[in-house]
Amino acid sequence: MDQNDIREIRQFNRAVTQRIGVLQDSYLSRGRPLGEARLIFEIGEQGRYVSDLRASLGLDSAYMSRLLRSLEQQKLVTVEKSARDARARRAVLTPAGRKEFRAYDRLSDDLAASFLTPLDAARRSRLVAAMNEVRRLLDAARITIEAGPSSSNDAGWCLEQYFAELAVRFDDGFDPLAGKSVSAAEMTPPAGLFLLARLDGRPVGCAALLRLDDETAEIKRMWIAPEARGLGLARRMLDQLEAVALQWGFRRVRLDTNRALTEAQALYRRHGYIEIDRYNDNPYAHCWFEKALSARTGK
């Protein structure tokens, strides 16, 4: 890791925390620190499950409980059991809490405007573009990829989104039962592998590795949520699947794709895949690709 890069990031962190008032006990002059203020904003006027809040904010259970308890004592939040699942807790703003939410929302707009007011139009555009780029890159760094069961709720949600998108994008629609079905067993070690990507605890992508024969593996079910596209996630999942395939002794990896998925074709070509003749009877496939694996693939 380049020490100059580390130094620049630390200087950036110091500048931002000072500018947005993180160091003050009373964030935006509302009488409470940033942690409590942020939690009020994240709960919002609709309320949210505590587990979702904890995942999205990256907080451990003990600290989340302390924050919620403090806001309850201030009569800004109530925590109640879910009507659907007694084990789940939902945080809801009280009328006083909703008033604080609206105050923070207004003051946050004022703070953001104070960043822009001293700048001319060109510098405003540069600042907003730079902030968007930083946010996107930080999102990319927070995405986790883990192997797990394709039968989980998050995996099922990803596959549903994947099939729905194909139905819209393919010229003749898409029926998951028309092509080769893939069972959960085929995506479970040692037969295969299913990867699930998450951003702040919520699913944003998936991909699977299947066995075709003793020397050949196949990549299937690769999908990235729109919010996570452009963050290098597809490349990361390809790298991980190829590394596993090499570790398991496969000599090559194959995949197919539809002619409508031009961005997927471009990705595979950039990643070293070459177009080959048809190797399966997938009715929705128009392009077939292969990549030879070597020790360099897993690096």
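Let's start with a salt bridge: in this predicted model, the side chains of aspartate 200 and arginine 142 meet at 2.8 Å, N to O. The pair links distant parts of the chain, 58 residues apart. Aspartate 200 sits in the loop between strand E5 (193-199) and strand E6 (202-211), while arginine 142 belongs to helix H6. With a relative accessible area of 37%, arginine 142 is partly exposed. And this pair has company, as Arg135, Asp139, Arg142 and Asp200 are linked in a network of salt bridges.

How many salt bridges does a search of the whole structure find? The search gives 23. Let me pick out two more of them.

One joins the side chains of glutamate 42 and arginine 38, at 2.7 Å from N to O. Both residues lie in helix H2 (residues 34-43), four residues apart, which is about one turn of the helix. Arginine 38 has 43% relative accessibility, so it counts as partly exposed.

The other is between aspartate 120 and arginine 123, whose side chains meet at 2.7 Å, N to O. Aspartate 120 is partly exposed at 38% relative accessibility, and arginine 123 is partly exposed too, with a relative accessible area of 47%.

Now, helix H6 comes back in another role. Together with helix H1 (3-19), helix H6 (121-142) supplies residues to a nonpolar patch, at least two from each helix. The patch covers about 310 Å² of surface and is made by Phe12, Val16, Val134 and Leu138. If you'd like one residue to look up on screen, try valine 16, which lies in helix H1. Valine 16 counts as partly exposed because its relative accessibility is 31%, between the limits of 20% for buried and 50% for exposed.

Let's go inside. The largest nonpolar core has 51 residues, and those with the most contacts inside it are Ile219, Leu233, Met237 and Tyr268. Which helix gives the most to this core? That is helix H8 (residues 233-247), with seven residues. There is also a second, separate core of 20 residues, including Tyr27, Ala37, Leu71 and Tyr104.

Back to Tyr268 for a moment. Leaving aside residues up to four places away in sequence, tyrosine 268 touches Met222, Leu238, Leu255, Thr257, Tyr273 and Phe289.

Tyrosine 268 also brings us to helix H9 (residues 262-270), whose buried residues are Ala264, Gln265, Leu267 and Tyr268. Why do they sit on the same side of H9? Because they cover an arc of only 160° around the axis. What covers these buried residues includes strand E7 (216-224), H8, strand E8 (252-257) and strand E10 (287-292). On the face turned away from the buried side, H9 carries the exposed residues Thr262 and Arg270.

And just past the helix? Histidine 271 is in the loop between H9 and strand E9 (274-276). Buried or exposed, this histidine 271? Its relative accessible area is 14%, so histidine 271 is buried. Not counting residues up to four places away in sequence, histidine 271 touches Arg235, Leu238, Asp239, Glu242 and Lys291. Leu238 is thus a contact of histidine 271 and also of tyrosine 268. To finish, for anyone who likes backbone angles: H9 is followed by glycine 272, whose phi is positive, near 95°.

Definitions and conventions:
Residues are numbered from 1 along each chain as its sequence is written. This is a predicted model: local features need pLDDT of at least 70, side-chain atom pairs count only at pLDDT 80 or more; totals for chains, interfaces and linings use all residues. Side-chain values use heavy atoms; hydrogens and water are left out. Patches are made of residues with over 30% relative accessible area and no salt bridge: like charges are joined within 9 Å, nonpolar side chains (Val, Leu, Ile, Met, Phe, Trp, Tyr) within 5 Å. Accessible areas come from the Shrake-Rupley method with a 1.4 Å probe; for residues, only the protein chains shown count as cover. A salt bridge is a side-chain nitrogen of Lys or Arg within 4 Å of a carboxyl oxygen of Asp or Glu. Buried means under 20% relative accessible area, exposed over 50%, partly exposed in between (1.4 Å probe, protein chains only). A nonpolar core is a set of buried Ala, Val, Leu, Ile, Met, Phe, Trp, Tyr and Cys residues joined through side-chain atoms within 4.5 Å. Contact means heavy atoms within 4.5 Å. The arc is that of the directions from the helix axis to the C-beta atoms.
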